[in-house]
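Student: I am new to this structure. Please take a close look at one part for me: the largest nonpolar core.

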Amino acid sequence: MKITSAYANKLLKQLNEDKKYWTGLEDRSCTYTAAANESPVIPEYNYEDVSAKLAEIDEKIRTIKHAISLANVTSKLKVGDKEMTVDSILVAMAQLNSRLSILNAMRKQLPKSRVGSRYSYSRGEDRYCYSPRNRYSSQASGVPEYEYVNYDLDRVKEDYLKVSQEIMDMQMALDKHNQTFEFEVGL
């Protein structure tokens with residue numbers, strides 16, 4: 001049968017729901033409790049049938065995931081001016097998202113900012129107490145400290161936009177591929 005990646009993921013979700021149903025049924029039905037002086041109410045449960053059903057579901061899940069993996073390592077997509085396999089796009093997107101988080105924090109920095117305060121309020125006491133960040137810092141002498149960025153903020157902002165666009169281009173290529181590219185699954 002030929003399916004798209006989007007459909008394969010829907011099938012996997014359905015199969016996992018079925019598996020959850022059968023494992024839940026097994027959990028609720030494989031044992032029962034009865035008092036010594038009553039006749040037990042024994043739930044319907046057949047170990048062999050449930051085990052076979054779970055094995056069948058697991059086999060279908062493995063088959064679909066294997067077909068997706070094969071499609072991901074062999075299908076090449078055009079992303080910008082590059083051609084990449086789906087699996088390499090997924091790895092690249094994870095790497096770029098990690099870099100994007102760092103760039104996002106860096107682009108929000110002020111070029112110069114004051115570091116800490118020499119005084120802080122101590123809970124439980126009705127007085128301010130001296131609390132230097134580092135007892136060897138210049139704050140111990142009453143001189144304020146400043147933190148400066150050691151990079152070009154405009155360049156970081158440009159790189160943030162560039163990486164963000166790269167991720168979006170990759171995601172758009174994957175979305176189109178997942179909705180249209182069909183591959184064979186032997187179910």
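**The largest nonpolar core**

Tutor: Start with the whole chain. Among contacts (heavy atoms within 4.5 Å) between residues at least 6 apart in sequence, 69% join residues at least 24 apart. This is a predicted model, where local features need pLDDT of at least 70 and side-chain atom pairs 80 or more, while totals for chains, interfaces and linings use all residues. Residues are numbered from 1 along each chain as written, and side-chain values use heavy atoms, without hydrogens or water.

The protein chain has four helices and eight strands (DSSP runs, H or I of at least four residues and E of at least two, numbered from the N terminus). Along the sequence the pattern reads β-α-α-β-β-α-β-β-β-β-α-β. The protein chain has 187 residues, and 27% of them count as buried (under 20% relative accessible area; exposed is over 50%, partly exposed in between; 1.4 Å probe, protein chains only).

Now the core itself. It holds 17 residues (buried Ala, Val, Leu, Ile, Met, Phe, Trp, Tyr and Cys, joined through side-chain atoms within 4.5 Å). Within it, I89 and M170 touch the most other members. Three elements give two or more residues each: strand β2 (76-79), helix α3 (86-107) and helix α4 (153-180).

Look at M170, a residue of α4. Set aside residues up to four places away in sequence, and M170 touches V79, M84, I89, A92, M93 and L96. Match these to their elements. V79 belongs to β2. I89, A92, M93 and L96 belong to α3. M84 falls in strand β3, residues 82-85. So much for the main core. Apart from it lies another core, of 13 residues, including A8, I57, I64 and A71.

Return to β3 and take T85, a residue of that strand. T85 counts as buried because its relative accessibility is 15%. Its side chain makes a polar contact (N or O atoms within 3.5 Å, one able to donate a hydrogen and the other to accept it; residues adjacent in sequence count only through side-chain atoms) with the side chain of D87, at 2.4 Å. D87 lies in α3. Neighbours within four places aside, T85 is in contact with N72, V73, S75 and K76. K76 lies in β2.

For contrast, go to M1, in the segment before β1 (2-4). M1 counts as partly exposed because its relative accessibility is 44%.
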